Amino acid sequence: MNVRSLLSVLAVCLFAAVLTAPAHAKVCKKSRVSGLSGWNITAVGARIGARKAWRRKVRNLYGRRYARWARASAKSIGCWTANRNSVRRQRCRALARPCRR
């Protein structure tokens, strides 16, 4: 194998490594952001509302690139129940660190 072929192979490998590295890297904010749902009849609806509130808040703070719940880290959703107007209602809080690719 001559030097020119070796340099070509090395250049291709280096180029491939540079292109693939950033695609997998996640950049996360240091602080966690919370989103609070409104009162809902179902726990599922309250969880969805909490994630929507989280996305809205993150979008306003950091932009759309960070507002994906699936990419966030240190995620948690806590829910609680209360009787409101003689009806049992659920409310949830979504808490996570926003991340982008």
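## Strands S3 and S4

Gly-78 stands opposite Arg-93 in S4. This pair of residues belongs to a predicted model, in which strands S3 and S4 run antiparallel and are joined by 10 bridges. The hairpin formed by S3 and S4 has 2 residues between the strands, and in this hairpin Asn-85 takes a positive phi near 55°. Strand S3 covers residues 73-84, and strand S4 covers residues 87-97.

## Overall architecture

The protein chain contains 2 helices and 5 strands. Read from the N terminus, these elements follow the order α-β-β-α-β-β-β. Among the contacts in the protein chain with a separation of 6 or more, 65% are accounted for by residues 24 or more positions apart.

The protein chain has 101 residues, of which 20% count as buried. Its accessible surface comes to about 7,200 Å², and carbon and sulfur atoms hold 56% of that surface.

## The disulfides

The structure holds 2 disulfides. When the bonded cysteines of the protein chain are numbered in sequence order, the pairing reads 1-4, 2-3.

One disulfide is formed by Cys-28 and Cys-99, with sulfur atoms 1.9 Å apart. This pair links distant parts of the chain, since Cys-28 lies in strand S1 (residues 27-28) and Cys-99 in strand S5 (residues 99-100), 71 residues apart. The torsion about the S-S bond of Cys-28 and Cys-99 is about 105°, and the disulfide is therefore right-handed. Cys-28 has a relative accessible area of 26% and is therefore partly exposed, whereas Cys-99, at 0% relative accessibility, counts as buried.

The other disulfide is formed by Cys-79 and Cys-92, whose sulfur atoms are 2.0 Å apart. Here too the pair links distant parts of the chain, with Cys-79 in strand S3 and Cys-92 in strand S4, 13 residues apart. The torsion about the S-S bond of Cys-79 and Cys-92 is about 105°, so this disulfide is right-handed. Cys-79 is partly exposed because its relative accessible area of 35% falls between the limits of 20% and 50%. Cys-92 is buried, with a relative accessible area of 0%.

## Surroundings of Cys-92

Cys-92 is placed in strand S4. Leaving aside neighbours within four places in sequence, Cys-92 is in contact with residues including Gly-35, Leu-36 and Ser-37. Its contacts also include Ala-43, Ala-46, Arg-47 and Ala-50, as well as Ile-77, Gly-78, Cys-79 and Trp-80. Val-44 is 48 residues from Cys-92 in sequence, and the C-alpha atoms of the two residues are 9.5 Å apart in space.

## Surroundings of Gln-90

Gln-90 also has its place in strand S4. Its relative accessible area is 13%, which is under the 20% limit, and Gln-90 is therefore buried. The side chains of Gln-90 and Thr-81 are joined by a polar contact of 2.9 Å.

When neighbours within four places in sequence are left aside, the residues in contact with Gln-90 include Gly-38, Trp-39, Asn-40, Ile-41 and Thr-42. Ala-43, Ala-46, Trp-80 and Thr-81 are likewise in contact with Gln-90. Ala-43, Ala-46 and Trp-80 are also among the contacts of Cys-92.

## The nonpolar core

In soluble globular proteins, nonpolar side chains tend to be buried together. The largest nonpolar core of this model has 12 residues. Its members are Val-33, Ala-46, Ala-50, Trp-54, Val-58, Tyr-66, Ala-67, Trp-69, Ala-72, Cys-92, Ala-94 and Ala-96. Helix H2 (43-62) and S4 are the elements that give two or more residues to this core. The largest share, 4 residues, comes from H2.

Cys-92 thus appears both in this core and in the disulfide with Cys-79. Two other members of the core, Ala-46 and Ala-50, are among the residues in contact with Cys-92. Val-33, a further core member, touches Trp-54, Lys-57, Val-58, Leu-61 and Tyr-62, among others, when residues up to four places away in sequence are not counted. The residues touched by Val-33 also include Ala-94, Leu-95, Ala-96 and Pro-98.

Definitions and conventions:
Residues numbered from 1 in each chain as written. Predicted model: local features only at pLDDT ≥ 70, side-chain atom pairs only at ≥ 80, totals over all residues. Heavy atoms only, no water. Buried < 20%, exposed > 50% of the residue type's maximum accessible area, 1.4 Å probe, protein only. Polar contact = N/O pair within 3.5 Å; in protein donor to acceptor, adjacent residues only side chain to side chain. Contact = heavy atoms within 4.5 Å. Disulfide = S-S within 2.5 Å. Pairing = 2+ DSSP bridges. Core = buried A, V, L, I, M, F, W, Y, C linked by side-chain atoms within 4.5 Å. Areas by Shrake-Rupley, 256 points an atom, 1.4 Å probe, with all protein chains shown as cover.
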